[in-house]
Amino acid sequence: MIHRLRTSLAAAVVFALSGSAYALPPTVNSAFDPASLDARFKPCDDFYDYVNAKWIAANPIPGDRTRWGTFDELREASLNAQHKLIEDPSIASAARGTIEQKLGDFYASGMDEATIEKAGIAPIRPELARIAAIKSANDLAAYMIDAHARGLGGYFSFGAYPDFKNSSVVIGFASEDGLGLPERAYYLEDKPDYVKIRDEYLAHIEKTLVLSGIKTEEARQDAQWIMALETRDAKASLSPIEARDPKNQYHYASVAEADEATPHFSWAKFLAAQGLKDVQGFSLSHPQWFAEFDKMLTEVPVAQWKAYLRFHAIDDAAPFLSRAFVEEHFDFGAHKLRGQKEIEPRWKRVLGAVNGQMGQALGQLYVKENFPPEAKQSAERLVANLQAALKLRIEKLDWMSDATKAKALEKLAAFKPKIGYPDKWRDWTGLAIARTGYVDNLLAASKFNHDWRMGRVGKPVDRTEWGMTPQTVNASYSPLKNEITFPAAILQPPYFDAKADDALNYGGIGAVIGHEITHGFDDKGSQFDAHGNNSNWWTDADRQQFTARADRLVAQFDGYVALEDIHVKGKLTLGENIADLGGLNVAYDALQIALKQNPAEAASKIDGFSQDQRFFLNFARLWRTNTLPATAKVNLNTDPHAPGQFRAIAAPSNMPAFAQAFSCKTGDAMVRAGEAQVKIW
C-alpha cells in the first residue's frame with residue numbers, strides 16, 4: 001500500500017469540477033465591484049490589501065480547508081457540481097464496462113461507510129503478510145520490485161516521461177522518495193517547529209501501529225527505527241531547491257550501469273517485473289541517493305526495514321480504511337502538520353480518490369455538460385494574442401543577442417497550446433471496478449494506471465496526451481513537450497468571462513496564459529529547446545545577463561517576510577516568479593494591442609477605473625488568499641509558488657505601467673526603480 005495510493009490522493013486535491021463553465025459560487029463575482037476595494041490602503045503602498053483586505057476579512061478559512069482564496073472558491077463550486085454529477089441516478093444504473101459504471105461504482109464503494117467500518121484493517125492484511133514474510137535483504141528488494149509492479153510504488157518512485165536528451169521518446173525515470181515528512185530539513189534541522197513536528201510524527205507512527213494490533217512497546221521501538229531510517233534517507237536527499245535543477249532530475253544509465261551502481265538491487269529484475277524487458281536504459285536520479293539506498297538495503301536491519309514498510313503500508317491506506325485509521329491519519333497529516341481544523345466530508349474525500357485514479361474518465365463526462373465550444377475558441381484567440389505579444393517583446397530585448405533571440409523565437413513558434421480537454425480520450429478497457437470493496441478498487445486502479453504508464457516506455461511521445469484533467473482549476477507548461485495546457489475548469493470568472501471587458505480578461509486569464517508561456521523561458525524552462533530537449537541554446541554572454549537579472553528577482557523575493565521571521569525563498573520560487581513577471585508584462589502588452597483596435601473602449605472608464613487600472617485590479621484579485629499559519633510554513637519550505645500576497649504585488653511593482661496607471665511616485669512601496677527594478681522578458 002506504499003506511496004502510490006498516497007500520491008494519487010494527494011494529487012487529487014487539485015482536481016475539481018464545475019457545474020457550468022461560467023458557474024460561480026455565491027461569493028465570486030465575475031465583474032469587478034469597486035465596493036470591494038479598501039480605502040484604508042493606498043494602491044501605491046499596499047496594492048494587495050487595497051484590492052483584497054475586505055474580502056479576506058469577510059471570508060475566513062472553512063474548517064475543512066487549510067487555505068481559502070480565488071482558486072479555492074472555484075474548486076469548491078466545482079466539487080459541488082462534481083458531487084451532483086457522480087450521484088446522478090443514471091450513473092448508478094450505467095451498463096457494465098462503461099466509464100459511467102466504473103466511476104459510479106468506485107464512488108459508491110468509497111461511500112459505503114458501514115462496510116468499510118466493518119472491514120477495519122482487513123483490506124490490507126494481504127499486504128502486511130507480504131511484508132511479514134520478508135526474511136533477508138534479497139527478500140526486501142524482491143518485495144519492493146513487486147510493490148512497484150502492482151502500482152503501489154515504494155521508497156523510490158518510478159515514472160514514464162520524455163527523455164531529456166531525446167524528447168520524442170518516453171523512458172523510465174527512477175527518483176528519490178521515502179520520506180514521511182515534507183522535506184529533508186524537517187529531519188535534519190533543530191528549529192523548534194521541526195522538533196515539535198518530529199515528536200508528533202513519532203507519536204503518530206506509534207498510534208498507527210497500535211491501531212493495527214501491534215503492542216505499544218513494540219510500536220514505540222518501531223517508531224524510533226522508522227525515524228532513524230527516514231533521517232538517513234533525508235541526509236542523502238535533495239533539498240526542494242536542488243530538486244528543481246534539471247541536472248538533478250536526469251541521469252541516464254544503461255541497465256548494466258544501473259545494476260553496477262546498486263549491486264544489491266537488480267534493475268534488470270525490476271524492469272522485467274514492470275513489463276520492460278527490452279529496455280536498454282533509464283534515468284537514475286540522483287545517483288548519490290541511490291548509492292545510499294543500496295547501502296541501506298544491507299546495512300539497515302531487515303526488522304527495521306519491515307517496521308518502515310509496515311507503517312507506510314498502513315498509513316498510506318489509512319484514509320480508505322475504518323474511522324479510527326482515518327481520524328489518526330487526519331490528526332497528524334492535516335491537523336498537526338497543516339493546522340486543518342476539521343476533516344473534509346466523506347463525499348469530498350471519496351471524490352478526491354476517484355479523481356486521483358480516474359480523473360480523465362470523470363473529465364470526459366464533465367466537458368459534455370460544462371464546456372461550450374465558444375469558450376475554447378475565445379481561449380485560443382487569447383493564446384494567439386499573448387504569443388504575438390511575447391514575440392514582439394523578445395524582438396525588442398536590449399540585453400539579448402540576435403543569435404539567442406532567433407532560438408527563443410523558434411521555441412515560441414513551436415509552442416503547442418492545449419485548451420479545454422483532450423482531442424483523444426483515454427481507454428479504460430480492462431479496469432474492473434466493483435460497487436463494494438473500496439481498497440480493492442483503489443488497488444485495481446493503481447495497478448491499471450501503473451501498467452498504462454509502463455506501456456508508454458520505449459515508445460514515441462503521444463503529443464495528444466494530457467497531464468491535467470479538464471476539471472482541474474489550474475494551468476501548466478511542460479518543458480519536455482514545449483506545450484501549455486489550460487483545462488476547461490479554469491476558463492471561467494474571475495479568470496475568463498466572455499461578457500467582461502478586455503481589461504478584466506487580460507488581467508485574469510491573459511496573465512495566466514502569459515505566465516505559462518513565460519515558463520518556457522524561466523530559469524528551468526530556458527534550459528530546454530523548441531523540441532523539448534535539455535540543450536543549451538544560449539550564448540554564454542546572454543545566459544550571464546539572464547542569470548544576473550534573475551538574481552535580482554531572487555533578492556526581491558528573499559526580502560519578503562511571510563509570517564513571523566520566515567522569508568520567502570527566492571531560489572525555490574524563482575521559476576514561478578519569472579513566469580509571473582513575464583506573464584503580466586506580456587498580458588499588458590496584449591491588452592494594449594487589443595485596445596488599439598477599439599479606441600472607444602480604451603478611452604472609457606468603468607466604475608471610475610481605466611482599462612489599465614482594471615487590468616491590474618483583476619490580477620491582484622486572483623491572488624487573494626487566507627492560509628493557515630501551519631500550512632504557510634510547510635508551503636514556504638516546499639512550494640515553488642510564493643504566497644499570494646507577494647505574487648499580487650511583485651510583478652506590478654516592477655512595471656512602470658502600474659505606476660503610471662495609479663499615479664505612483666518613486667519612493668512608494670509599489671515602485672521599484674533603478675537597480676531594484678527587475679526586467680527579464
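How many bridges join strand 2 to strand 3, and do the two run parallel or antiparallel? Select both strands and you can count along: eight bridges join them, and they run antiparallel. Keep in mind throughout the tour that this is a predicted model.

**Stop 1: the open sheet**

With strand 2 and strand 3 still highlighted, look at the turn that links them. The two strands form a hairpin, with two residues between them. Now pick Tyr-161 and show its side chain; standing opposite Tyr-161 is Ile-171 in strand 3.

Next, add strand 4 and strand 5 to your selection. You now have an open sheet of four strands, in the order 2-3-5-4 and with mixed pairing. At the edges are strand 2 (156-163) and strand 4 (252-254), each of which pairs on one side only. Turn the view to follow the twist: neighbouring strands of this sheet are turned by 35° against each other on average, if direction is ignored. If you show side chains here, it helps to recall that in a regular strand they alternate between the two faces of the sheet.

Move to the middle of the order and select residues 166-176, which are strand 3, together with residues 281-285, which are strand 5. Three bridges join this pair, and here the strands run parallel. For a landmark, choose Ser-175, which stands opposite Ser-285 in strand 5.

**Stop 2: two cis peptide bonds**

Stay on Ser-285 and step forward by one residue. The peptide bond from Ser-285 to His-286 is cis, with omega near -10°. His-286 itself lies in the loop between strand 5 and helix 16 (287-299).

Then jump to Pro-493 and Pro-494. A cis peptide bond joins these two prolines as well, with omega at about 0°. Pro-494 sits in the loop between strand 8 (483-487) and helix 23 (502-519). Both spots deserve a look in the viewer because most peptide bonds are trans.

**Stop 3: a helix crossing**

Now select residues 216-236 for helix 11 and residues 302-317 for helix 17. They pack at an angle of about 95°, and their axes are 9 Å apart. Helix 11 and helix 17 are therefore roughly perpendicular to each other. Show the side chains at the crossing: helix 11 contributes residues including Trp-225, Ile-226 and Leu-229, while helix 17 brings, among them, Trp-305, Tyr-308 and Phe-311. Colour the contact by class and you will find nine nonpolar, two polar and four charged residues. Among the contacting residues to look for are Glu-218, Asp-222 and Glu-230 of helix 11 and Arg-310 of helix 17.

**Stop 4: a glutamate in helix 7**

Go to Glu-127, which is found in helix 7 (residues 125-132). Is this residue buried or exposed? Glu-127 is buried, with a relative accessible area of 3%. Bring up Arg-150 too: its side chain makes a polar contact with the side chain of Glu-127, at 2.7 Å.

**Stop 5: two positive phi angles**

Finish with two backbone curiosities. Select Asp-607, in the loop between helix 26 (599-603) and helix 27 (611-622). Asp-607 has a positive phi of about 55° although it is not a glycine. With a relative accessible area of 47%, Asp-607 is partly exposed.

The last selection is Ser-663, in the segment after helix 30 (656-661). Its phi is also positive, at about 55°, and Ser-663 is not a glycine either. At 53% relative accessibility, Ser-663 counts as exposed.

Key: Residues are numbered from 1 along each chain as its sequence is written. This is a predicted model: local features need pLDDT of at least 70, side-chain atom pairs count only at pLDDT 80 or more; totals for chains, interfaces and linings use all residues. Side-chain values use heavy atoms; hydrogens and water are left out. Buried means under 20% relative accessible area, exposed over 50%, partly exposed in between (1.4 Å probe, protein chains only). A polar contact is a pair of N or O atoms within 3.5 Å; within protein, one must be able to donate a hydrogen and the other to accept it, and residues adjacent in sequence count only if both atoms are side-chain atoms. Axes are lines fitted to C-alpha atoms, for helices over the stretch in contact, and angles run from 0 to 180 degrees between N-to-C directions. Angles under 35 degrees count as roughly parallel, over 145 as roughly antiparallel, 65 to 115 as roughly perpendicular and the rest as oblique. Contact means heavy atoms within 4.5 Å. Ala, Val, Leu, Ile, Met, Phe, Trp, Tyr, Cys and Pro count as nonpolar, Asp, Glu, Lys and Arg as charged, and the others, Gly among them, as polar. Two strands pair if DSSP finds at least two bridges between them.
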